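Me: Please take a close look at one helix in this model. I want its length, its buried face and its surroundings.

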Amino acid sequence: MRTSYSANTLDDRIMASKIQPCVRTLRLKVKAEGYAWLNSAAIEVNQVWNFSNAASYKAARPFSGRPRWLTAFDLDKLTAGSTECFERIGSDTIQRVNAEFATRRKQAKRAKLRWRVSKSAKRSLGWVPFKAAQLKRKGKSLRFSGKAFRVFERELLDGATWKSGCFAQDAVGDWWLCVPVEKEVSQSGAPKEAVGIDLGLKDIAATSDGDKLQAGHFYRNIEKKIASAQRRGHKRQAKRLHRTAARRRKDALHKFSRKIVNEYQTIKIGDVSSLKLAKTRMAKSVLDAGWGILKTQLRYKGQQAGRSVIIVSERDSTRTCSSCKALTGPTGLDMLVVRTWVCSVCGDTHDRDVNAARNILSAGRLPPSVSGNESSFTDAEPSLTYSQCEAKIGALKAAA
């Protein structure tokens with residue numbers, strides 16, 4: 001049976017709320033007057049990246065001698081004095097590029113990464129990193145490497161202390177200023193104890209309390225417009241439509257995840273794998289639903305608010321009756337059209353998705369059934385063999 005917090009306990013938790021620092025990345029759009037300078041600076045950044053890539057590969061695969069894995073410090077020594085060859089970027093930016101390259105190569109565990117292309121149809125998206133000291137305020141604009149930039153929503157930077165960030169370009173060609181800013185976040189108790197969330201395609205998410213996030217078909221609603229733009233050769237218009245679909249998807253998921261985090265203390269999500277389903281005929285609908293984005297949002301928002309976000313097994317969650325736990329529900333691909341069913345054992349009528357969410361809530365201590373989606377907060381129940389051994393030991397003790 002589910003329990004809820006008493007009024008006194010909830011008041012105590014609200015009074016004991018903590019103010020903790022949290023790092024958030026602000027993404028501010030740069031005004032078009034600075035695009036030409038940033039495009040030229042991005043070409044210089046690509047040259048530094050490609051030099052580090054070539055030098056690292058030669059050191060890792062030498063013609064003779066022992067191979068060497070160059071670090072960011074080694075690359076900094078190799079690129080010392082190279083600022084004389086560049087007009088826009090300085091030594092701090094070069095060091096940031098070397099540090100990022102060393103980190104990415106270590107993560108990929110490869111001797112050579114992809115080259116950054118400055119021209120042609122396969123051009124890499126622009127990227128200009130910087131250190132915190134390089135970006136300075138100057139009136140209503142920001143100054144970087146001798147160039148003044150104006151951004152939209154600059155009031156978000158008032159009184160903020162930022163860390164190392166970057167200028168990043170999207171597929172449309174617009175530039176964005178990405179700066180990590182430390183802000184204080186309050187952690188307090190939620191009014192409700194726990195909720196289970198079932199992820200699906202007809203409804204992106206359904207909670208154990210009956211709330212649903214309807215599938216918006218963010219991409220499918222404008223799929224014909226995208227195809228038409230591509231046939232007419234309007235690549236920029238097609239990219240804008242893709243960005244519109246992504247923004248609509250993120251907006252809906254942000255609103256839903258914020259509502260869940262504000263209302264519930266413990267959040268349990270099914271471990272459905274979007275990567276595996278993306279290889280099936282349902283790939284387009286799965287990617288349009290954005291399950292991975294929703295899980296990521298719930299995790300970092302829950303961490304900031306002091307919530308517990310757990311990924312649990314959803315095996316047989318659709319078939320199992322949430323009232324009597326009998327496996328009487330619809331099963332198989334042919335039965336996906338059945339959205340409401342009646343349990344033949346207890347007679348309860350269930351909504352397919354809400355019933356699955358309730359089973360996920362009650363199965364919160366079972367290990368995930370899909371490898372790669374495990375949560376560090378998940379506690380597994382003792383196995384059946386362990387329980388049988390405990391029973392036998394207890395019987396032997398009683399007989400003795």
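Reply: Here is a walk along helix α4, with notes on confidence and on a small sheet.

This is a predicted model, in which local features need pLDDT of at least 70, side-chain atom pairs count only at pLDDT 80 or more, and totals for chains, interfaces and linings use all residues. Residues are numbered from 1 along each chain as its sequence is written, and side-chain values use heavy atoms, without hydrogens and water.

Helices (H or I, at least four residues) and strands (E, at least two) are DSSP runs, numbered from the N terminus. Helix α4 covers residues 91-108, 18 residues in total. From first C-alpha to last it reaches 26 Å, close to the 26 Å expected at 1.5 Å a residue; the expected span is 1.5 Å times one less than the number of residues.

Buried means under 20% relative accessible area (1.4 Å probe, protein chains only). In α4 the buried residues are Thr93, Ile94, Arg96, Val97, Asn98, Glu100, Phe101, Ala102 and Arg105. They pack against two helices, α2 (35-60) and α3 (72-78). They also pack against strands β2 (127-130), β4 (141-144) and β6 (165-169). Just after α4, Lys109 takes a positive phi of about 55°.

One of those partners, β4, belongs to an open antiparallel sheet of 3 strands, in the order β3-β4-β5. β3 (136-138) and β5 (147-149) are the edges, each with a single partner strand, so one side of each lacks a neighbour in the sheet. Strands pair if DSSP finds at least two bridges between them; β4 and β5 have 3. Leu142 stands opposite Phe149 in β5.

Confidence, as pLDDT (per residue, from 0 to 100), averages 83 over the protein. β2 has the highest mean, at 96.

Notes:
Buried means under 20% relative accessible area, exposed over 50%, partly exposed in between (1.4 Å probe, protein chains only). Contact means heavy atoms within 4.5 Å. pLDDT is the predictor's confidence in each residue, from 0 to 100.
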